[in-house]
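Thanks for coming. I have one structure to go through this morning, and I will keep to the ligand site and a couple of backbone details.

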Amino acid sequence: MPRTTVHVCSQCGGQSAQWHGQCPTCEAWNTLVEERVARPQANGKPGRSARRASGANAAERVAPRPLSEVGNAPVQRMSTGIGELDRVLGGGLVPGSLVLLGGSPGIGKSTLTNMVLGHLQATGHRTLYVSGEESAEQVRLRAERLVSNPAQQALSVPVLAETDLENILDTLAGEAPHACVIDSVQTLRSAELSGAPGSVGQVREVAARIMELAKARGVAVILVGHVTKDGALAGPRVLEHLVDCVLQFEGERERPYRELRALKNRFGSTNEAGLFEMRQAGLVEVLDASARFVAEATRAPGSVVLAAMEGSRPLLVEVQALVAPSELEQPRRVVSGLDRNRLALVLAILARHGRVGTGSADVFVNVVGGVRVDEPGCDLAVALAVASASRGVALRGAPRACFGELGLTGELRWVGHPERRLAEAAKHGLSGVLAPAESGASACQVATLREALTLALPARGEGSSERISAGGAVASLA
Ligand code: TYD
Ligand code: MG
């Protein structure tokens with residue numbers, strides 16, 4: 001029997017019949033991935049390159065066309081019935097598209113995809129839920145929990161509990177659903193490769209074969225994938241270039257809030273994010289997130305409201321900081337919901353340009369609610385929260401929000417969409433928003449970090465609540 005698979009080095013492309021820990025060609029370690037050998041065409045016709053070699057049939061050549069002659073058939077998107085998801089997808093599921101939904105175990109991927117199929121089924125689409133992880137009974141148990149939800153139809157979704165890729169492809173071809181969920185891509189296995197389910201070769205093969213079928217039949221497929229501890233889409237990372245859309249479901253398992261982001265989207269923007277809450281009866285969209293976060297904000301020392309942007313949507317979130325004397329030689333820097341390097345930068349700028357030293361203190365910064373704010377506009381809020389925590393005084397005056405990026409020379413820099421941020425703050429009763437210059441007349445515009453600190457915090461000695469904290473760091477600098 002001819003060989004059906006080879007092991008290909010993912011660095012140099014060298015091939016080998018067997019698996020080796022080290023590539024025999026380029027000597028890189030752990031780079032060999034098993035792949036299927038392309039089979040000759042089943043209809044017995046010679047391939048295109050063979051025809052070309054024989055010089056036959058120049059008329060059959062595929063000719064390029066000007067873009068203006070390419071038809072622009074409007075994409076008929078299917079609404080998933082979940083507004084936040086539709087927005088992140090760019091307006092709904094596109095037939096024939098492949099969406100990779102990543103997230104850590106227990107975050108709610110199966111719940112979300114169950115709800116989507118339930119809605120699609122109810123709106124007259126054929127659907128199929130392929131579960132490689134759970135038995136059909138387990139899937140039913142989950143669907144029952146969703147019954148009090150708008151996705152009541154979750155129970156009418158056909159389910160296939162199967163891990164064999166070839167069987168799944170047969171069913172998929174036979175049923176030809178409009179939308180299909182594969183939960184998860186790491187549990188499927190093609191019998192044509194020898195690797196274990198979840199190995200790079202298998203994951204790639206599974207996705208490629210499903211894609212072939214999905215594109216040919218116009219099936220919208222959501223591939224569910226698990227994420228490793230360091231946050232990468234394990235195995236599925238190799239699928240990122242293959243699929244049309246990569247969605248990441250994030251949040252802390254212990255907290256109810258979940259955030260859905262697009263990391264890649266061929267049919268929409270990657271700036272959008274959707275916010276959900278995990279409840280007893282499934283995921284619920286959070287539409288009034290700003291109102292909740294503002295109401296929950298403690299306004300204690302170390303608490304600052306940030307007017308952030310989640311893609312094209314403004315969101316008010318509370319940034320909290322704690323600065324405490326450290327016992328360690330290398331004090332701790334702990335962040336959640338922010339980039340760690342941003343915190344390091346802000347602390348350095350605070351020390352240099354704001355006279356707030358934290359060198360001998362542990363610094364903890366947290367974006368409340370498990371939300372992630374990955375944008376430069378958060379700098380000022382982090383700086384004010386740390387300064388406020390370090391001095392042990394709350395922000396003064398009426399509740400206010402802030403935003404702005406900090407430059408290395410201590411200046412406050414303009415960030416995108418100031419008008420939307422200001423409008424959101426005004427809507428929730430926060431006035432005098434501290435913002436960079438040229439942000440808008442309604443803002444309290446400041447040019448430097450020093451100026452912002454002066455405006456936001458009570459003068460040293462003002463009021464009685466101030467205490468010297470952080471191991472005397474403030475006292476020695478003042
Ligand atoms: P699940 O969708 O199974 O997560 P994933 O597929 O990403 O691994 O859901 C995970 C958690 O959500 C599970 O611990 C139970 C909880 N949950 C609810 O709180 N309410 C619900 O209605 C459902 C279905 C699940
Ligand atoms: Mg699951």
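**Ligand 1 and its pocket**

A backbone N or O atom of R279 lies 2.6 Å from a nitrogen atom of ligand 1. Before going on, please keep in mind that this is a predicted model.

There are other polar contacts to list. An oxygen atom of ligand 1 is 2.6 Å from an N or O atom in the side chain of S110. With G108 the partner is a polar backbone atom, 3.0 Å from an oxygen atom of the ligand. As for cover, ligand 1 on its own has 550 Å² of accessible area, and the protein covers 77% of that.

Next, the shell. Which residues come nearest to ligand 1? Out of 15 residues around the ligand, they are G106, S110, T111, R279 and G282. By type, the shell splits into 4 nonpolar, 7 polar and 4 charged residues.

In terms of secondary structure, three names come up: α3, residues 109–122, α4, residues 136–145, and β11, residues 273–279, each supply at least two residues of this shell. The most comes from α3, which gives 3 residues.

Now the pocket. Where does ligand 1 sit? It is in the second largest pocket, and that pocket has a volume of about 310 Å³. Its lining is made up of 21 residues, and those nearest the centre are G106, G108, T111, R142 and M278. Two or more lining residues come from each of α3, α4, β11 and β8, the last of these being residues 220–226. Here too α3 gives the most, with 3 residues. The lining divides into 6 nonpolar, 8 polar and 7 charged residues.

To put the two lists side by side, G106 is among the residues that come nearest the ligand and also among those nearest the pocket centre. T111 is likewise in the ligand list and in the pocket-centre list.

Last, two backbone details. Which residues does the cis peptide bond join? They are D183 and S184, with omega about 0°. S184 is in the loop that runs between β7, residues 179–183, and α6, residues 200–217.

The other detail is R299, which has a positive phi of about 60° although it is not a glycine. R299 belongs to the loop between α7, residues 289–296, and β13, residues 303–310.

That is what I have for today.

Definitions and conventions. Residues numbered from 1 in each chain as written. Chains lettered and ligands numbered in written order. Predicted model: local features only at pLDDT ≥ 70, side-chain atom pairs only at ≥ 80, totals over all residues. Heavy atoms only, no water. Near = heavy atom within 4 Å. Polar contact = N/O pair within 3.5 Å; in protein donor to acceptor, adjacent residues only side chain to side chain. Areas by Shrake-Rupley, 256 points an atom, 1.4 Å probe, with all protein chains shown as cover. 1 Å grid on protein atoms, 1.4 Å probe; cavity = no way out; pocket = protein on both sides within 12 Å on 5 of 7 lines; lining within 4 Å. Sits in = over half its atoms within 2 Å of the grid points. Helix = DSSP H or I, 4+ residues; strand = E, 2+ residues; numbered from the N terminus. Nonpolar A, V, L, I, M, F, W, Y, C, P; charged D, E, K, R; others polar. Points joined across faces, edges and corners; volume = space filled by probe spheres on them.
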